[in-house]
Amino acid sequence: MIKLSKKMAFIGLLLVVVIGLTACGGGETNNSSTGSDEKIVLKYGDGVSTADPQYLAAVYFAEQVAAKTDGKVEVQVYPNSQLGSQREMTEGLKLGTVEIVKNTNAVLTGFVAESKILDLPYLFSDTDHARRVLDGEVGDELRAAAERAGYKILWYFTPRPRSVYNSIKPVYTPDDMAGMKIRVMESPIMIDSINAMGGNAVPLAFGEVYSALEQRVVDGAENSIVSYSAMKHNEVAKYFSETNQF
């Protein structure tokens, strides 16, 4: 049984799809030595499961690329962190081991410092607000910053907001989180935010969250309700509270 509580305003979670500039610089892919008539294969890495709508979006993207290039470009989608953690995959963009990565913004901040501003809690009033900002001057500046760092932002996802869930009790106020060990992404701003909300932030890689919850290494985590369900975290943390902080 999932017990829900509602608190605070809706905030859009930001996910960024990036490609290494070496993968889109005109024939500099892993297939560059085989000639212009050969198929170009681009690996698309993600941490979500196949039950997540973001995986379906990646598959749709791959289908569209194949259709619009008459099959000359193939995008191979690797979900479930098959190509490594998000940080490892982002590093792989420069190494040529992966060409496209769907990232949480918190991971991208380690490579594009300017994107840290998007990790601030309660930054946007709703998804439309986030999209207007990212489709405007701010988004242009962040894309330029990514290119200076050697990456190209293809698009932003703005799916459900991130909220707190745990195995102990519902969270209605900061006092309810007192003493709870809450998994967060490796973002100083997110760590400080969860600590300020009353919890004890514990940074962990996304792929380690289920086992950490199951083994009580952490009492809870924070993520979208989609990931909460798709990654089966509801099996080991039954209390989901709509805090909507990121």
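These are my notebook entries on a predicted model, covering its largest pocket, salt bridges, helices and a few backbone details.

**Entry 1: the largest pocket**

I began with the largest pocket. How much space lies in it? The volume comes to about 360 Å³. I then listed the lining, which has 26 residues. Closest to the pocket centre are Gln86, Thr104, Val107, Arg183 and Phe206.

Next I asked which elements give two or more residues to the lining. They are helix 2 (86–95), strand 5 (100–104) and helix 3 (105–108). I also sorted the lining by residue class. Nine residues are nonpolar, eleven are polar and six are charged.

**Entry 2: helix 2**

Helix 2 gives residues to the pocket lining, so I looked at its burial next. Gln86, Met89, Thr90, Gly92 and Leu93 are buried there. These residues span an arc of only 155 degrees around the axis, so they sit on the same side of helix 2. Gln86 appears twice in my notes: it is among the residues closest to the pocket centre, and it is one of the buried residues of helix 2.

I also checked the backbone just past the end of the helix. Gly96 follows helix 2 directly and has a positive phi of about 85 degrees.

**Entry 3: salt bridges**

I searched the whole structure for salt bridges. How many are there? The search finds six. I took notes on three pairs.

The first pair is Glu74 with Lys39. Their closest N and O atoms are 3.5 Å apart. Glu74 belongs to strand 4 (residues 73–78), while Lys39 is in the loop between strand 2 (15–20) and strand 3 (40–45). The bridge therefore ties together parts that are 35 residues apart in sequence. Buried or exposed? I checked both partners. Glu74 is partly exposed at 27% relative accessible area. Lys39 is partly exposed too, at 40%.

The second pair is Lys152 with Glu147. Here the closest N and O atoms are 3.3 Å apart. Lys152 has a relative accessible area of 32%, which makes it partly exposed. Glu147 is also partly exposed, at 39%.

The third pair is Arg162 with Glu222. The N to O distance is 3.0 Å. Arg162 sits in the loop between strand 6 (151–157) and strand 7 (163–166). Glu222 is in strand 10 (residues 220–223). The two are 60 residues apart, so I noted this as a link between distant parts of the chain. Are these two side chains buried or exposed? Arg162 has 2% relative accessibility and counts as buried. Glu222 is buried at 0%. The cut-off for buried is under 20%, so both partners fall below it.

**Entry 4: helix 5**

I moved on to helix 5 (residues 137–148). Twelve residues make up this helix. From first C-alpha to last, helix 5 reaches 17 Å, close to the 16 Å expected at 1.5 Å a residue.

Which residues of helix 5 are buried? Gly139, Leu142, Ala145 and Ala146 are. Looking down the axis, I found these buried residues within an arc of 120 degrees, so they line one face of helix 5. Glu137 and Arg148 are exposed on the other side.

**Entry 5: positive phi outside glycine**

I then looked for positive phi values in residues other than glycine. I noted Arg216 and Lys232.

Arg216 has phi near 60 degrees. Its place is the loop between helix 7 (209–214) and strand 10. Arg216 is partly exposed, with a relative accessible area of 42%.

Lys232 also has phi near 60 degrees. This residue is in the loop between helix 8 (225–230) and strand 11 (239–242). At 47% relative accessibility, Lys232 is partly exposed.

**Entry 6: Pro53 and Ser227**

Last, I looked up Pro53. Where does Pro53 lie? Pro53 is in helix 1 (residues 53–68). Its relative accessibility is 47%, so Pro53 counts as partly exposed.

I also checked a C-alpha distance from this residue. Pro53 and Ser227 are 174 residues apart along the chain. Their C-alpha atoms are separated by 9.3 Å.

Notes: Residues numbered from 1 in each chain as written. Predicted model: local features only at pLDDT ≥ 70, side-chain atom pairs only at ≥ 80, totals over all residues. Heavy atoms only, no water. 1 Å grid on protein atoms, 1.4 Å probe; cavity = no way out; pocket = protein on both sides within 12 Å on 5 of 7 lines; lining within 4 Å. Points joined across faces, edges and corners; volume = space filled by probe spheres on them. Helix = DSSP H or I, 4+ residues; strand = E, 2+ residues; numbered from the N terminus. Nonpolar A, V, L, I, M, F, W, Y, C, P; charged D, E, K, R; others polar. Salt bridge = Lys/Arg side-chain N within 4 Å of Asp/Glu carboxyl O. Buried < 20%, exposed > 50% of the residue type's maximum accessible area, 1.4 Å probe, protein only. Expected span 1.5 Å × (residues − 1). Arc of directions from axis to C-beta.
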